[in-house]
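Visitor: I would like a close look at one part of this model, namely how its elements pack against each other. Please go through it residue by residue where that helps.

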Amino acid sequence: AAPLAAMIPPPPPAHLSMRAEIEWLAGSADNARGVALALSSSLFIGASFIIKKKGLLMSVEKGGSSASAGGFSYLRQPVWWLGMLTMIGGESANFIAYAYAPAILVTPLGAATIAASAVFARFFLGEDMHICGIAGILLCTVGTVVLVRFAPEEAPVTSVEEVWSMAMQPVFRAYVCFVLSFTLALVYGAAPKYGKTHVVVYVAICSMIGSLSVMALRGIGIAAKLTMRGSDQLRKRETLFFILWVGCCIATQMNYLNKALDTFNTTMVSSVYYVFFTVCTVTASMIMYKDWENQTPGSIFWQVVALLVNVAGVHILSGTRDSAPGCRAGLRALLSRRKSEEKPEYTHLCACDDDAEQQQQQQQ
């Protein structure tokens with residue numbers, strides 16, 4: 001009982017202002033800024049998924065080639081560019097968030113993106129959201145609050161050279177080599193064969209490359225923060241390399257994210273992307289920045305619990321998207337692997353085919 005009691009946080013002090021309560025919940029003023037920026041970023045990015053999807057659909061309706069077929073006609077769509085600008089705004093807020101809070105806190109808060117995109121897709125794209133999706137959104141909210149409460153403190157960094165030395169660690173270099181090798185195998189081996197039938201292929205490419213971009217983004221954010229405090233770090237070659245690296249990573253991510261959005265359901269893409277991207281980014285951050293090195297077992301335990309709760313919420317949102325209405329049907333879709341239960345419209349299509357065959361036989 002004593003170890004369990006040690007894991008339970010004390011209540012907040014009385015008579016705190018709203019700003020002080022947020023700082024108490026996040027653990028520090030820097031973490032509070034990072035949380036606010038990350039949540040704002042999630043709303044913008046969630047909206048950008050929907051706007052870009054709308055642009056892709058409009059491009060195909062006007063006779064353009066789809067992104068999944070290798071086409072780039074969507075670049076002539078103003079709506080797609082509006083979505084791109086929205087995503088840039090969200091990613092900019094996310095970039096600044098990494099300057100104030102560790103990646104293990106900022107990245108899992110992307111669950112708010114999933115909830116926002118599911119709600120926006122329901123109203124603006126006409127995509128269905130199952131009643132169980134509400135439970136998924138609530139789980140994401142609970143996981144976010146718990147994660148913020150037990151967020152780790154960022155280790156002090158005084159120069160961009162320190163970030164560079166972290167990136168040059170043998171273990172992290174091995175991780176980079178693994179990511180690049182596996183990504184190339186997916187791009188040239190799996191993507192041409194299975195990209196249009198398995199959402200994991202495109203999403204895995206985005207997620208693994210994205211984990212590397214986040215590590216560099218955090219280095220750029222730290223350099224910008226130190227520069228604003230009087231220590232010029234933006235003109236150093238390490239910072240310039242990080243900027244170039246981020247540009248290459250984002251270009252790759254956008255290409256394969258567009259392919260995934262053009263091929264699969266928006267909620268499916270965003271939810272699977274969240275799980276893969278979070279796992280890859282947390283892994284990379286643990287290796288490079290050693291976020292858990294000075295954490296207590298209780299804090300690590302609750303961080304893992306919060307991450308699992310977020311993953312469960314995201315799974316419920318995506319797993320019930322095509323199930324029949326009602327809680328029982330939603331549970332069957334989550335627990336059963338039978339196609340007839342996961343995709344009830346399949347039975348309807350088969351029934352239509354049977355009716356068509358009967359009509360043809362009668363005419364003959």
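Guide: An axis here is a line fitted to C-alpha atoms, for a helix over the stretch in contact, and the angle between two axes runs from 0 to 180 degrees between N-to-C directions. The model is predicted. The chain has 16 helices and zero strands, and 47% of its 364 residues count as buried. Of the contacts between residues at least 6 apart in sequence, 78% link residues at least 24 apart. The part to look at is the packing around helix 11, which spans residues 237-263, together with helices 3, 4, 8 and 10.

Helix 3 covers residues 29-61. At 1.5 Å a residue, its 33 residues should span 48 Å, and the end C-alpha atoms are 48 Å apart, so the two values agree. Just after helix 3, Gly-63 has a positive phi of about 95°.

Two packed helices are described by the angle and the distance between their axes. For helix 3 and helix 11, the axes come within 10 Å and cross at roughly 70°. Angles of 65 to 115 degrees count as roughly perpendicular, and helix 3 and helix 11 are therefore roughly perpendicular to each other. Their crossing is right-handed. On the helix 3 side the contact is made by Phe-49, Lys-52, Lys-53, Leu-56 and Val-60, and these meet Met-254, Leu-257, Asn-258, Leu-261 and Asp-262 of helix 11. By class, this contact has six nonpolar, one polar and three charged residues.

Helix 8, residues 160-167, also packs on helix 11, with the axes coming within 9 Å and crossing at roughly 55°. Helix 8 and helix 11 are therefore oblique to each other, and the crossing is left-handed. Here Val-160, Glu-161, Val-163 and Trp-164 of helix 8 meet Glu-238, Thr-239, Phe-241 and Phe-242 of helix 11. The residues of the contact between helix 8 and helix 11 are five nonpolar, one polar and two charged.

Helix 11 also holds Gln-253. Residues under 20% relative accessible area are classed as buried, so Gln-253, at 8% relative accessibility, counts as buried. Apart from neighbours within four places in sequence, Gln-253 touches Cys-206, Ile-209, Gly-210, Ser-213 and Tyr-273. One of these contact residues, Ser-213, is 40 residues from Gln-253 in sequence, while the C-alpha atoms of the two are 9.5 Å apart.

Helix 10 comprises residues 199-228 and packs with helix 4 at an angle of about 70°, the axes being 7 Å apart. Helix 4 and helix 10 are therefore roughly perpendicular to each other. Phe-95, Tyr-98, Ala-99 and Tyr-100 of helix 4 meet Val-214, Leu-217, Arg-218, Ile-220, Gly-221, Ile-222, Lys-225 and Met-228 of helix 10. This contact between helix 4 and helix 10 divides into nine nonpolar, one polar and two charged residues.

Helix 4 itself runs over residues 78-100, has 23 residues and reaches 34 Å from its first C-alpha to its last, close to the 33 Å expected at 1.5 Å a residue. Its buried residues are Trp-80, Gly-83, Met-84, Thr-86, Met-87, Gly-90, Ala-93, Asn-94, Ala-97, Tyr-98, Ala-99 and Tyr-100. An α-helix has 3.6 residues a turn, so residues three or four places apart point the same way. The cover over the buried residues of helix 4 includes helix 3, helix 5, helix 10 and helix 11.

Two of these covering helices can be followed further through single residues. In helix 3 lies Ala-32, which counts as buried at 9% relative accessibility. The C-alpha atom of Ala-32 is 8.4 Å from that of Tyr-100, although the two residues are 68 apart along the chain. Tyr-100 is also among the helix 4 residues that meet helix 10.

Helix 5, residues 103-106, contains Ile-104. With a relative accessible area of 4%, Ile-104 is buried. Beyond its neighbours within four places in sequence, Ile-104 is in contact with Leu-147, Pro-152, Val-282, Ser-285, Asp-291, Trp-292 and Gln-303. Trp-292 is 188 residues from Ile-104 along the chain, and their C-alpha atoms are separated by 9.0 Å.

Technical notes: Residues are numbered from 1 along each chain as its sequence is written. This is a predicted model: local features need pLDDT of at least 70, side-chain atom pairs count only at pLDDT 80 or more; totals for chains, interfaces and linings use all residues. Side-chain values use heavy atoms; hydrogens and water are left out. Helices (H or I, at least four residues) and strands (E, at least two) are DSSP runs, numbered from the N terminus. Angles under 35 degrees count as roughly parallel, over 145 as roughly antiparallel, 65 to 115 as roughly perpendicular and the rest as oblique. A crossing is left-handed if the near helix is turned anticlockwise from the far one by less than a right angle, and right-handed if clockwise. Contact means heavy atoms within 4.5 Å. Ala, Val, Leu, Ile, Met, Phe, Trp, Tyr, Cys and Pro count as nonpolar, Asp, Glu, Lys and Arg as charged, and the others, Gly among them, as polar. The expected span of a helix is 1.5 Å times one less than its number of residues. Buried means under 20% relative accessible area, exposed over 50%, partly exposed in between (1.4 Å probe, protein chains only).
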